Every structure is written in structure tokens, then in C-alpha cells.
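Here is a walk through one protein chain, from its overall build to single residues. Keep the sequence and the 3D view side by side as you read.

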Amino acid sequence: MTQRLNYYQAAPEAARKYSEFSQLLHADPFLAEIGHLVTVRASQINGCAFCVDMHVKEAKILGERELRLHHVAVWRESPLFTAKEKAILEWTEALTRLSPEGVPDAVFQRVRDQLSDKELAALSFLVVAINGWNRLGVAFQPVPGSADAQFGLDKAGLN
């Protein structure tokens, strides 16, 4: 894989502002706790190799168990996730794969039963953010692992 375009160089102000938006979200204690599950799952769905690579490494550095990271793709069948985490992953999938009918009421109710208004809003913004990054990654194909040193991801020991 060869990177098609360095969007940070081509649109530095937009990239900087979008990065600031993402950093703001990850500073939220709730999102700091569960955000890696969201970013890994959305990136898997969207087929963004750079983002899957990055977010798996971030999660490992933050202490996520490796087996849970392998189970994110099969979270519905996995006993490794709580009801709250499953609701979060279901919401992530619903917003990432928007159907023509939108988000079903039953999905909204399941996540609503688990999260406060503030948590649901924050989660939704995080899903929006990662889907944007995924689209940039899929379009411009940054090489997985190419920013490890820049972001401190070499500490994950997954190279």
C-alpha cells in the first residue's frame, strides 16, 4: 500500500482542527474508558487499515486486554463485554452503517437504557469523528504503522 495523498500537508488547518476535535472527545472520562472499542469497531466496519492498526495499538497501551480486542469483531457472541459495552458497540454500528430507515427505535432504546444523555451525545460525536477519519484513511491510504513513532504507538509492542 502506498499513501495516495498526505491530507495533513494538503489541508493542514482542517487536519489540525479535526485533530483537536478528536482530542477533545478523547479527553472526556467516559470516552477515554470506552472510546477504543468504538474506534476499533467503526474502523473494522469501514475497512480502514491505518485506523484499525492505530486504535488497536492505542487500546493495548491503555491496558485493554488483547483477547477483548480480538473479540470486538464478534462482540454480539462474546461474553467478554458488559451490557453497556454491547449497547455502545451496537450504537457504533448503527451510526456507522446508516440504513435508509435510519437508526431503529429498538437500538436507540437499548443504548438509552445504558447511557445518560451526556454519554450518548459524547458517544455519537465520537462515532462521527472516527467515521470521518476512516473515510480519509480509506480514500488516501496512509500506511498502517507509518505514524507509530509520531503517536507513541511503538510502545504497544505489536510491530
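A residue counts as buried when its relative accessible area is under 20%, as exposed when that area is over 50%, and as partly exposed in between. These words come back throughout the tour. One caution comes before the details: this is a predicted model.

Start with the whole chain. The protein chain has nine helices and zero strands. Read from the N terminus, its elements run α-α-α-α-α-α-α-α-α. The radius of gyration is 16 Å, close to the 15 Å that the globule rule gives for 159 residues, so the chain is as compact as a globular protein of that length. Along its principal axes, the C-alpha trace spans about 40 × 35 × 25 Å.

Next, look at how the chain packs. Of the 159 residues, 42% are buried. Take the contacts in the chain with a separation of 6 or more. Residues 24 or more positions apart account for 71% of them. The surface comes next. The chain exposes about 8600 Å², and carbon and sulfur atoms supply 58% of that area. Charge is the last of the overall features. The chain has 17 positive and 19 negative charges, and the mean positions of the two sets are 2 Å apart.

Now turn to the cysteines. How many disulfides are there? The count comes to zero. Cys48 is in no disulfide, and the nearest cysteine sulfur, that of Cys51, is 3.2 Å away. Why is there no bond between the sulfur of Cys51 and that of Cys48? A disulfide needs the two sulfur atoms within 2.5 Å. The sulfur of Cys51 is 3.2 Å from that of Cys48, so the pair is too far apart for a bond. Are these two cysteines buried or exposed? Cys48 has a relative accessibility of 2%, so Cys48 counts as buried. Cys51 has a relative accessible area of 4%, so Cys51 is buried too.

Asn134 leads on from this pair. Asn134 is found in helix 8, which covers residues 117–140. Which residues does Asn134 touch, not counting those up to four places away in sequence? They are Ala42, Ser43, Asn46, Cys48 and Cys51. Both cysteines are thus among the contacts of Asn134. The relative accessible area of Asn134 is 0%, so Asn134 is buried.

Follow the chain past the end of that helix. Gln141 sits in the loop between helix 8 and helix 9 (148–151). Its backbone deserves a look. Phi of Gln141 is near 55°, a positive value in a residue other than glycine. At 21% relative accessibility, Gln141 counts as partly exposed.

Another loop residue is Ser78. Ser78 lies between helix 5 (66–71) and helix 6 (83–96). Is Ser78 buried or exposed? Its relative accessible area is 3%, so Ser78 is buried. Leave aside its neighbours within four places in sequence, and Ser78 is in contact with His71 and Lys86.

Go back toward the N terminus for Phe21. This residue is in helix 2, residues 12–26. At 25% relative accessibility, Phe21 counts as partly exposed. What does Phe21 contact, leaving aside its neighbours within four places in sequence? Phe21 is in contact with Phe125 and Ala129. Asn46, already met beside Asn134 as one of its contacts, gives a distance to check from here. The C-alpha atoms of Phe21 and Asn46 are separated by 20 Å, and the two residues are 25 apart along the chain.

Two exposed residues finish the tour. Ala10 lies in helix 1, residues 7–10. Its relative accessible area is 53%, so Ala10 is exposed. Ala10 and Ala27 are 17 residues apart in sequence and 27 Å apart in space, C-alpha to C-alpha. Asp105 is found in helix 7, residues 105–114. Its relative accessible area is 67%, so Asp105 is exposed. Asp105 and Asp28 are 77 residues apart in sequence, and their C-alpha atoms are 27 Å apart in space.

Technical notes. Residues numbered from 1 in each chain as written. Predicted model: local features only at pLDDT ≥ 70, side-chain atom pairs only at ≥ 80, totals over all residues. Heavy atoms only, no water. Helix = DSSP H or I, 4+ residues; strand = E, 2+ residues; numbered from the N terminus. Rg over C-alpha atoms; globule rule 2.2 N^0.38 Å. Buried < 20%, exposed > 50% of the residue type's maximum accessible area, 1.4 Å probe, protein only. Contact = heavy atoms within 4.5 Å. Areas by Shrake-Rupley, 256 points an atom, 1.4 Å probe, with all protein chains shown as cover. Lys, Arg positive; Asp, Glu negative; His and termini not counted. Charge placed at Lys NZ, Arg CZ, Asp CG, Glu CD.
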